[in-house]
Amino acid sequence: MKELTHYIDGAHVNGTSGRFSDVFNPATGEVQAKCPLGNNEELNKAVEIAAAAQPAWAATNPQRRARVMMKFVQLLNRDMDKLAEALSSEHGKTFPDAKGDVQRGLEVVEYCIGAPELLKGEFTDSAGPGIDMYSMKQPLGVTAGITPFNFPAMIPMWMFAPALACGNAFILKPSERDPSVPLMLAELMEEAGLPKGLLQVVNGDKEAVDAILDHPVIQSVGFVGSTPIAEYIYSRGCANGKRVQCFGGAKNHMIIMPDADMDQAADALIGAGYGAAGERCMAISVAVPVGDETADRLIEKLVPRIEKLKVGPYTAGDDVDYGPVVTGAAKEKILGLVQSGVDQGAELVVDGRDFQLQGYEDGFFVGPHLFDKVTPDMDIYKQEIFGPVLSTVRAGSYEEAINLAIDHEMGNGTAIFTRDGDAARDFANRINIGMVGVNVPIPVPLAYHTFGGWKKSMFGDLNQHGPDAFKFYTRTKTVTSRWPSGIKEGGEFNFKAMD
Ligand code: NAD
């Protein structure tokens with residue numbers, strides 16, 4: 001059995017806590033590796049090393065730091081297939097999806113190459129007699145991040161790339177379900193020229209997370225994961241005086257207006273609802289057709305498309321639409337929620353409950369499901385399912401549709417499909433959700449914009465990547481200096497004249 005490690009002070013280090021968690025091959029259900037679960041001592045050691053390494057890195061000019069990012073981008077491209085292979089084997093997502101995971105992280109690294117420009121301060125000449133005023137953005141020191149299983153390459157890079165570009169040290173606590181890629185990324189950063197001790201990986205579960213939250217030297221904590229854990233980390237981290245940003249779960253609605261191109265809407269729902277087995281925080285899990293006629297037309301278009309979906313292991317080729325979910329527990333949770341939908345009276349139009357894949361009977365595959373006539377009181381509407389299950393809630397009018405999304409406690413992403421510019425504009429303006437698509441089902445902002453939800457999908461003030469990341473990972477210092485000009489007499493400064 002392969003035993004994974006931590007990555008501390010530039011080296012792979014075995015776990016010392018004696019606690020491990022299983023890392024599965026989700027396609028076969030077999031345990032393929034053991035992930036060490038870090039403890040206080042391991043975290044303390046990493047923090048000590050990070051704190052010793054960080055001042056010299058902060059003093060390294062931003063252009064040199066950016067060059068490390070540039071080299072890292074080259075190495076990510078060089079090792080793209082290797083990273084995607086490791087990612088698919090632990091996560092289960094298809095090979096093209098795994099490459100997309102690396103690619104979207106890489107784009108944030110590219111953005112961080114702009115650090116010299118992004119870190120420039122402000123200057124006011126002659127704010128008063130002989131007085132200049134300037135502000136500078138300085139790194140925080142030792143920073144940390146806790147990441148989820150569903151994007152094991154992209155989300156760590158969202159955090160450590162800007163943190164390091166700003167001159168911080170970063171300690172990553174990745175998901176214990178797929179920790180191999182984060183370890184590979186830490187190695188690659190050092191190959192790119194990052195001095196050791198600046199990017200370290202401490203694997204673990206709640207114990208390692210609590211050690212991060214309570215460590216007085218750690219200045220900031222970034223978190224991405226489910227809402228209950230996001231709330232917990234936000235309150236404990238803030239109570240300990242840290243700067244904290246936590247991104248939580250989602251329940252993304254897509255509104256389909258009667259005038260929408262129904263083929264385009266159905267295609268969009270297939271990708272956004274079932275892609276990556278629904279294990280995306282930006283997945284569409286609720287379709288809201290406006291009017292019964294729209295709903296009937298939509299369902300008619302969706303059913304044959306869903307029946308054509310190819311579910312399989314990533315090794316079966318690039319035409320596989322989605323793979324297994326991450327663990328047996330995730331599969332059970334999804335099927336439990338599907339059963340609750342049936343029990344609570346929703347209409348299960350496509351039933352994937354008996355799905356079996358020959359040769360992979362023990363894998364964590366879940367067939368696609370489509371519900372119609374879901375109502376807001378049902379658990380499948382209220383809870384995040386995080387699986388290949390799309391719920392249709394029929395709305396009588398546009399107002400009813402927008403209010404559904406407004407009233408839901410989650411606010412990560414949403415979309416409207418329409419040909420009506422007025423409706424689209426009204427929707428984008430009034431909706432209380434952080435990322436909005438107009439005829440775009442998964443409106444993930446690119447690296448140079450910022451990513452973040454509202455309501456219970458986000459706790460904190462600053463978003464991920466884009467300009468917000470450079471604010472999150474720095475603090476501003478403003479200097480007011482007075483150098484009164486001496487009056488020169490005979491070529492010499494007359495300091496008396498300055499009094
Ligand atoms: P999770 O909350 O179970 O785990 C996330 C991280 O928290 C992991 O590193 C895990 O080890 C740690 N953790 C788990 N339980 C903990 C506890 N009790 N105390 C302290 N730490 C704990 O989430 P997940 O299942 O890995 O990821 C899926 C979730 O992440 C979904 O809810 C999804 O919507 C969300 N997500 C959100 C975004 C976003 O940007 N808003 C992006 C991706 C995923």
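Here is a short chat about the ligand site in this predicted model.

Trainee: Where does the ligand sit?
Mentor: Let's start with the cover. On its own the ligand has 840 Å² of accessible area, and the protein covers 89% of that. As for the place, the ligand sits in the largest pocket.

Trainee: Which domains give at least three residues each to the shell around the ligand?
Mentor: Begin with the elements: helix 8 (206–214) and strand 11 (218–224) are the ones that give two or more residues to the shell. At the domain level, at least three residues of the shell come from each of domain 1 (2–248 + 457–480) and domain 2 (252–438).

Trainee: How many of the shell residues are nonpolar?
Mentor: There are 28 residues around the ligand, with T147, K173, E176, S226 and E384 coming nearest. Split by type, five are charged, nine are polar and 14 are nonpolar.

Trainee: What is the distance from a ligand oxygen atom to an N or O atom in the side chain of K173?
Mentor: Take some other contacts to oxygen atoms of the ligand before that one. For the side chain of R177, an N or O atom is 3.3 Å away, and for F149 a backbone N or O atom lies at 3.0 Å. For the side chain of K173, the distance is 2.7 Å.

Methods. Residues are numbered from 1 along each chain as its sequence is written. This is a predicted model: local features need pLDDT of at least 70, side-chain atom pairs count only at pLDDT 80 or more; totals for chains, interfaces and linings use all residues. Side-chain values use heavy atoms; hydrogens and water are left out. A residue is near a molecule or strand if one of its heavy atoms lies within 4 Å of it. A polar contact is a pair of N or O atoms within 3.5 Å; within protein, one must be able to donate a hydrogen and the other to accept it, and residues adjacent in sequence count only if both atoms are side-chain atoms. Accessible areas come from the Shrake-Rupley method with a 1.4 Å probe; for residues, only the protein chains shown count as cover. On a 1 Å grid over the protein atoms alone, a cavity is a set of points where a 1.4 Å probe fits but cannot get out, and a pocket is an open set with protein on both sides within 12 Å along at least five of seven lines; lining residues have an atom within 4 Å of a point. A molecule sits in a cavity or pocket if more than half of its atoms lie within 2 Å of its grid points. Helices (H or I, at least four residues) and strands (E, at least two) are DSSP runs, numbered from the N terminus. Ala, Val, Leu, Ile, Met, Phe, Trp, Tyr, Cys and Pro count as nonpolar, Asp, Glu, Lys and Arg as charged, and the others, Gly among them, as polar. Domain bounds come from an automatic or database domain assignment.
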